[in-house]
Amino acid sequence: MSEKTTFEAIKHRRSVRIYDPEKPIDPAIVAKCLELASLAPSSSNMQLWEFYHITSKDYIHKIAPLCFNQNAAKTAQQLVVFVVRKDLWRKRAKANLDFMDQVFGKNKPKSEWRKREKVARNYYGKIIPFAYFDFLGIFGWLKYLMISITGLFRPMYREVRNSDMRIVAHKTCGLAAQTFMLAMAAEGYDTCPMEGSDTKRVKRLLNLPYKAEINMIVSCGIRKPEGVYGNRFRIPFEEIYKKI
Ligand SMILES: Cc1cc2nc3c(=O)[nH]c(=O)nc-3n(C[C@H](O)[C@H](O)[C@H](O)COP(=O)(O)O)c2cc1C
């Protein structure tokens, strides 16, 4: 099947709740769409996400009740669990610094660093640890207080508390999920994003670490016509579009 254009894929994508059991989907294509999802933008390029691609029927049967037996989960051919791994920030900052070594060269004396290298290394070596480090939320509030005071006098980045960083990581993961769903739509495959799940039980089933957070579960398959529940409803564009 030929791929759809971006516009076609956006229009084709609907949240599909009933998939056709006679139409299996190729796990390799789903994996390819997940690889495309990893090209989504991420805050500070920290990529604090993981994608768990569930192809085993046994696991799908175990996860469906944890999604409250929603049709979208029960009839899914495959599932993808999008997981936020804010706890991996040190590892991801290091991966970025290692990439700097590739780009700029390793073990160069600081005196030879050009401006771009200085900014980039300082960003992942100092600013990111400052933003992500926290201890029981206390340091986050101290940072917030400091920033709020300085912010009286100049523009400041204010999202530094633990709760802010969680939002940052979740919105980034949402972009990966949307990129995935559009890539799937381009292939003629269907999806449904699901927030409705018992995330604690899903985490336990997948053996995820304590600090991992489930962003959403996306069910996958090929739609049955009745699997799209009615026409799209959107708030009139004029109501939400504000030109300034
Ligand atoms: C974060 C998020 C969570 C959602 N959770 C569910 C869900 O648990 N179950 C479900 O059937 N649909 C879920 N949806 C799908 C929405 O209901 C759907 O996107 C919306 O009704 C618009 O329909 P459309 O996607 O077909 O355009 C979710 C969507 C998003 C973005």
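Which element gives the largest share of the lining of the largest cavity? Keep that question in mind while you move through this predicted model, and the tour will come back to it near the end.

**The whole chain**

Begin with the entire protein shown as a cartoon, where you can pick out 10 helices and four strands. If you follow the chain along its sequence, these elements come in the pattern α-α-β-α-α-β-α-α-α-α-β-α-β-α. The C-alpha atoms, taken along the principal axes, fill a box of roughly 65 × 45 × 40 Å.

**The ligand**

Next, select the ligand together with the residues that surround it, which are Arg 13, Arg 14, Ser 15, Arg 17, Gln 70, Cys 192, Pro 193, Met 194, Glu 195, Gly 196, Arg 232 and Arg 234. Sorted by class, this shell has six charged residues, three polar ones and three nonpolar ones. Now zoom in on Ser 15, where an N or O atom of the side chain is 2.6 Å from an oxygen atom of the ligand. Turn then to Arg 17, whose side chain has an N or O atom 2.9 Å from an oxygen atom of the ligand. At Pro 193 you should look at the backbone instead, since a polar backbone atom there is 3.1 Å from a nitrogen atom of the ligand. Taken alone, the ligand would expose 620 Å², and the protein buries 65% of that area.

**The largest pocket**

Rolling a probe the size of a water molecule over the atoms shows where empty space is left. With a surface displayed, go to the largest pocket, which has a volume of about 450 Å³. Its lining is made of 17 residues, and the ones to select as nearest its centre are Lys 86, Asp 87, Asp 134, Asn 162 and Lys 211. Two elements, α5 (89-104) and α8 (162-186), each give two or more residues to this lining. If you colour the lining by class, you will find eight charged, seven nonpolar and two polar residues.

**The second largest pocket**

Move on to the second largest pocket, which holds about 190 Å³ of space. It is lined by 14 residues, and Tyr 123, Ile 127, Ala 131, Tyr 157 and Val 160 are the closest to its centre. Here the elements that give two or more residues are α6 (115-132) and α8, and the largest share, six residues, comes from α6. The same colouring by class shows 12 nonpolar residues and two polar ones in this lining, with no charged residue.

**A salt bridge in α6**

Stay with helix α6 and select Arg 121 and Glu 117, which both lie in this helix, four residues apart, or about one turn. Side chains of opposite charge can pair when their charged atoms come close. Arg 121 and Glu 117 form a salt bridge in which the closest N and O atoms are 2.8 Å apart, and the structure holds 15 salt bridges.

**Back to the cavity**

Finally, select Ser 42, Ser 43, Met 46, Gln 47, Leu 48, Tyr 132, Val 168, Ala 169 and Thr 172, which line the largest cavity. This cavity has a volume of about 40 Å³, and a search of the whole structure finds one cavity of 30 Å³ or more. The opening question can now be answered, as the largest share of the lining, three residues, comes from α8. By class, the lining of the cavity has five nonpolar and four polar residues, and no charged ones.

Key. Residues are numbered from 1 along each chain as its sequence is written. This is a predicted model: local features need pLDDT of at least 70, side-chain atom pairs count only at pLDDT 80 or more; totals for chains, interfaces and linings use all residues. Side-chain values use heavy atoms; hydrogens and water are left out. On a 1 Å grid over the protein atoms alone, a cavity is a set of points where a 1.4 Å probe fits but cannot get out, and a pocket is an open set with protein on both sides within 12 Å along at least five of seven lines; lining residues have an atom within 4 Å of a point. Grid points are joined across faces, edges and corners, and a volume is the space filled by probe spheres set on the points. Ala, Val, Leu, Ile, Met, Phe, Trp, Tyr, Cys and Pro count as nonpolar, Asp, Glu, Lys and Arg as charged, and the others, Gly among them, as polar. A residue is near a molecule or strand if one of its heavy atoms lies within 4 Å of it. A polar contact is a pair of N or O atoms within 3.5 Å; within protein, one must be able to donate a hydrogen and the other to accept it, and residues adjacent in sequence count only if both atoms are side-chain atoms. Accessible areas come from the Shrake-Rupley method with a 1.4 Å probe; for residues, only the protein chains shown count as cover. A salt bridge is a side-chain nitrogen of Lys or Arg within 4 Å of a carboxyl oxygen of Asp or Glu.
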